[in-house]
Amino acid sequence: MNYKNVAEDILAAIGGKENLSAAAHCATRLRLVLKDEEIVNQAKLDEMDTVKGTFSTGGQYQIIIGAGTVNEIYKELAKLTGLAEMSTKDVKTAGTKKMNALQRFVKMLSDIFVPIIPAIVAAGLLMGINNLLTAQDLFIDGKSLVEANPNLTDLASLINTFANAAFVFLPILIGFSATQRFGGNAYLGAALGMLMVHPDLLNGYGYGAALLKHEVPFWNIFGFEIEKVGYQGTVLPVLVASFILAKLEIALRKVIPSALDNLLTPLLSIFITGILTFTAVGPITRAAGNLLTDGIVWLYDTTGFIGGGLFGLAYAPIVITGMHHSFIAVETQLLADIAKTGGSFLFAIATMSNVSQGAATLAVFFLTKDKKLKGTASAAGISSLLGITEPAMFGVNLKLRYPFIGAIIGSGVGSAFVTYYKVKAVALGAAGIPGIISVKASSIVPYIIGMIIAFAIAFAMTILLSKREKKKAEKNNNQKEAA
C-alpha cells in the first residue's frame, strides 16, 4: 500500500489542507476537525478500499481505517498538511469549539465519567461474582453456592468488600476527575471527596432511616446546626461541589500573592467549599439526585415493556447525536444506589441496540457481492456483537439505510423483552455478548434470550428490507429505460 497516495486522496476528499483545522488518530480512526464538513466528497471516500467508514460526532469528522494502517496514513497526512503532531485530547478540544451548548454539556459529563469507568466496571463485576455465589436457586435447588459450600462464605464476604469500595468512596473518584475537568487541582478534588465520605459522618446510606427516627447528628456552629451526614453513593452533590472548588481555586490564585499561594489557596478552597457543601450544596443536590433517581425508576416501572421498547427503538439514533454519553452519569447513579434501583436497566437496552446493529451488518455481509463492503461488514458485525458499534453503524448500516432500520426494529423488540423481565446490570461493561457477566445472576437467562430475539429480528428485517430496496431500484431502472 502506498500510504502517501492514500493520504493525498483522503486530503483531497475532505476539501484540502485549507479545510483541515486539526488532526490526530486513535487505534483505528483518523480524527479530524474540519472547517466545513459540507464540502467533503463522501462518495470519493466511500470508493476508497482503505476507508472502512466515516462518521461525524463531537465536532470531529472520523475516518475508520484500521489498526496499524491508520498510524502510517496519519504520518503522511501530517507531512502533507504541515500540521504538528496532536493528541486526541487536542483534537477533542478543537472539536468542542464547534459544539452547541447541549453537546458541550454532554461532552463534559463524558470527560468526567469515562476515566472512572474501569473502577466502576471492576467493582460491578466483583459484585456480579458475589451475586453468583449468594444467589438462591441458581445452581443448587433451594440453596446458594455459599450455603451449599460454607467454606466459600469468607471468599464471598471478601469479594463483596472489594466490590463495594468503589461505590462507597465514589465521591473521591468523581471529585478527582470532575475538579480536574473544571480546571482545578485534582488532588484537592479527591480531598473534597474524602471529606464527603469521612467515617466520622453518618453513612449516607443510613440517612433516610436516621431522619425518620430524628437521630441525624449535627454540628452546632455558633447556634447554627449543620447535619453531619456523608454522601456515599451519590453523584450530583460531588459534581456541583467540585465545580465550586475548581472555580474558587482559580479565583483565589488570581488574588492571593504568589508567596502565600501554596499556603492559603488550598486551605481556603477546601474550607469554603466544605462549608458550602454541608450547609447548602449537599442537601439541595442530594434531594435533587434522589428525585432524579426516583423519577427514572418510576418511569421504568410505569411504562414497562412499552417504554423499554420505545427507548430501544430510539437508542441508536441517540448514539448518532452523541447524547448517549450522558447516560454514563445516570448509570453510575443507578449502580451507586443499587439497593433502591436494583441496578441499571440502561445497560440491557444498550446491549439490545448493539447486538441488533451487529446482526443487521452481518445480514449485509451475506447479501452483498461487493468485496469491500463484505470485508467491512464481517469485521464490523462481530465487533458490534462484542459491544463496539461505530464501524457497523457508521461504516455499513447508515450508509445503506435499510440495515439501520432493521437494526432499530430488532433493538426495540429486544429491549421490550428485557424490560418486561426487568433485566438489570450490576456493572458497567461491554454492552454485548460479554455483558453476560455484568448483569444480575437472575437476569442472565432473559438477557441471553433478549439478545437472540434482537439478533434474529434485526437480521430478518434487514433481509426483508433489502428485497424491497432491490425491487425499488429495479423499478427506478425500468422507468429510466422507458423514458
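Select Tyr421 in this predicted model: with a relative accessibility of 47%, Tyr421 is classed as partly exposed. Next, add Tyr420, which is exposed at a relative accessible area of 54%.

Display both side chains together. The structure holds 13 aromatic pairs. In the pair formed by Tyr420 and Tyr421, the ring centres lie 5.1 Å apart and the planes meet at 80°, so the arrangement is edge-to-face. Extend the selection to Phe305 and Phe417, since ring pairs link these two residues with Tyr420 and Tyr421 into a cluster.

Two further rings may then be examined, each with a charged side chain. At Tyr231, the charged end of Arg286 sits over the ring, 4.1 Å from the ring centre. At Phe365, the residue to display is Lys374, which lies over the face of the ring at 4.6 Å from its centre.

Now move to strand S4, residues 60–64, and select Gln62 within it. Is Gln62 buried or exposed? Its relative accessibility is 3%; because buried means under 20%, Gln62 counts as buried. Show Arg29 as well: the side chains of Gln62 and Arg29 are joined by a polar contact of 2.7 Å. Beyond its neighbours within four places in sequence, Gln62 is in contact with residues including Leu30, Arg31, Gly53 and Phe55.

Finally, select helix H14, residues 327–336. Of its 10 residues, 9 are buried, so the helix is largely enclosed by the rest of the structure. Among the buried residues to highlight are Phe327, Ile328, Glu331, Gln333 and Leu335.

Methods. Residues are numbered from 1 along each chain as its sequence is written. This is a predicted model: local features need pLDDT of at least 70, side-chain atom pairs count only at pLDDT 80 or more; totals for chains, interfaces and linings use all residues. Side-chain values use heavy atoms; hydrogens and water are left out. Buried means under 20% relative accessible area, exposed over 50%, partly exposed in between (1.4 Å probe, protein chains only). Helices (H or I, at least four residues) and strands (E, at least two) are DSSP runs, numbered from the N terminus. A polar contact is a pair of N or O atoms within 3.5 Å; within protein, one must be able to donate a hydrogen and the other to accept it, and residues adjacent in sequence count only if both atoms are side-chain atoms. Contact means heavy atoms within 4.5 Å. Rings of Phe, Tyr and Trp (its six-membered ring) pair if their centres lie within 6.5 Å; planes under 30 degrees apart count as stacked, over 60 as edge-to-face and the rest as tilted. A charge sits over a ring if NZ of Lys or CZ of Arg is within 6 Å of the ring centre and within 35 degrees of the ring normal.
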